[in-house]
Amino acid sequence: MEGAAQKLTGVPESDAKEDLELELAQVNAEEAFHEAEAEAARAKLALAEEETRSAEALAEEARQERAVVEQRLREGLEEVQRLRLLYDALISASSGAAQQQQRSQFLQKIRGILNKVAPEKYAVLLDQLWGVIEDALVEYLEISDLLHDVVAVVFEVALDQPNYCNLHACLFFDVCERFRREACLEMRKYFRRILLVKCQHLYEEGMSHVAPDTSEMSEDERERANFEEQRFRRQTLGNVRFIAELYKHDLLTE
């Protein structure tokens, strides 16, 4: 049989076997090489996947850190805004307190001048009153507040000093004339309007007043009610006298 194989191939059977074994070894070697390459490729792929997962983890961590930073930034901005509002409120309160103090000082000066009103001091006190008003015109934020304050204080003092109603009416008239001479025509017009509204309010208040019913009051309550009623009547009479003096000076027409 071995001779028959040799006759067919012309190669001794032992050599053919060696060649076959050699080829098989080469095939096995190539398979092993390819398997090694495949394994190396799989290792590289696994490494790349691991690196990808690490990169994704790092990216997620970076996103979380960014979210934390952005949240802290928003909280910081909100705190800055809160502090800014607090600061503005403190400044506003401080400014308001300063303005209120200036207003109180202004009213105190006006009362001090008006409480000294007498015929022999009239010219001097008028100059002092106008000087205080001029100073207040610079300090007051609202001119209307100034004029309302002047009218309110003069009415208050005039009703406490009914014997000088004429002098207080003269003060109003001369202040209006000072406004005219200083070319403050709008302020003069507004000042006269405030006077008119004040008088109308006092008149309507007097007309709508109803004396309290004291029939069911205790003795103490009745005394207090009678005292307040007499006080109101005196005030109403003073209002009427003062309004009459203002009317004489043509201050109640716009």
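**Figure 1. Phe172 and Phe242, two buried rings.** Phe172 has just 2% relative accessibility, so Phe172 counts as buried (buried is under 20% relative accessible area, exposed over 50% and partly exposed in between, using a 1.4 Å probe and protein chains only). You're looking at a predicted model, where local features need pLDDT of at least 70 and side-chain atom pairs count only at pLDDT 80 or more, while totals for chains, interfaces and linings use all residues. Residues are numbered from 1 along each chain as its sequence is written, and side-chain values use heavy atoms, leaving out hydrogens and water. How accessible is Phe242? Its relative accessibility is 0%, so Phe242 counts as buried too.

**Figure 2. The whole chain, for orientation.** Before zooming in, get your bearings: the chain has seven helices and zero strands (helices are DSSP runs of H or I with at least four residues, strands are runs of E with at least two, and both are numbered from the N terminus). Following the sequence, you meet the pattern α-α-α-α-α-α-α. Of the 254 residues in the chain, 24% are buried. Now take the contacts (heavy atoms within 4.5 Å) between residues at least 6 apart in sequence: 67% of them join residues at least 24 apart.

**Figure 3. Phe155 meets Phe242 edge-on.** The structure holds three aromatic pairs (ring centres within 6.5 Å, using the six-membered ring for Trp; planes under 30 degrees apart are stacked, over 60 edge-to-face and the rest tilted). One of these pairs is Phe155 with Phe242, an edge-to-face arrangement with 4.9 Å from centre to centre and 80° between the planes. Phe155 belongs to helix α4 (residues 143-160) and Phe242 to helix α7 (residues 219-248), so this pair ties together parts that lie 87 residues apart in sequence. Are these two residues buried or exposed? Both Phe155 and Phe242 are buried.

**Figure 4. Phe172 joins in, and a lysine looks on.** The ring centres of Phe172 and Phe242 are 6.0 Å apart and their planes make an angle of 35°, so this pair is tilted. Phe172 sits in helix α5 (residues 165-181) and Phe242 in helix α7, so parts 70 residues apart in sequence get tied together here. Put Phe155, Phe172 and Phe242 together and you have one aromatic cluster. Check out Lys198 as well: its charged end sits over the ring of Phe155, 5.7 Å from the ring centre (for a charge over a ring, NZ of Lys or CZ of Arg must be within 6 Å of the centre and within 35 degrees of the ring normal).

**Figure 5. How α4 and α7 pack.** The axes of α4 and α7 are 9 Å apart, and the helices pack at an angle of about 115° (axes are lines fitted to C-alpha atoms, for helices over the stretch in contact, and angles run from 0 to 180 degrees between N-to-C directions). Which residues of α4 and α7 meet? From α4 come Val154, Phe155, Ala158 and Leu159, and from α7 come Gln235, Gly238, Asn239, Phe242 and Leu246.

**Figure 6. Helix α5 and its partners α6 and α7.** Start with α6 (residues 185-208): the axes of α5 and α6 come within 7 Å and cross at roughly 155°. That angle makes α5 roughly antiparallel to α6 (under 35 degrees is roughly parallel, over 145 roughly antiparallel, 65 to 115 roughly perpendicular and the rest oblique). On the α5 side, the contact is made by Phe172, Val175, Cys176, Glu177, Phe179 and Arg180, and on the α6 side by Leu185, Met187, Arg188, Phe191, Arg192 and Leu195. Now for α7: its axis and that of α5 come within 9 Å and cross at roughly 45°. These two helices are therefore oblique to each other. Cys165, Asn166, His168, Ala169 and Phe172 of α5 make this contact with Gly238, Arg241, Phe242, Glu245 and Leu246 of α7.

**Figure 7. Leu147 and its neighbours.** Leu147 is part of helix α4. With 2% relative accessibility, Leu147 counts as buried. What does Leu147 touch, if you skip residues up to four places away in sequence? Its contacts are Phe179, Met187, Tyr190, Phe191 and Ile194. From Leu147 to Arg192 you'd walk 45 residues along the sequence, yet their C-alpha atoms are 9.6 Å apart in space.

**Figure 8. Phe106 in helix α2.** Helix α2 (residues 13-114) is home to Phe106. Phe106 has a relative accessible area of 5% and is buried. Its C-alpha atom is separated by 7.3 Å from that of Val132, 26 residues apart along the chain.
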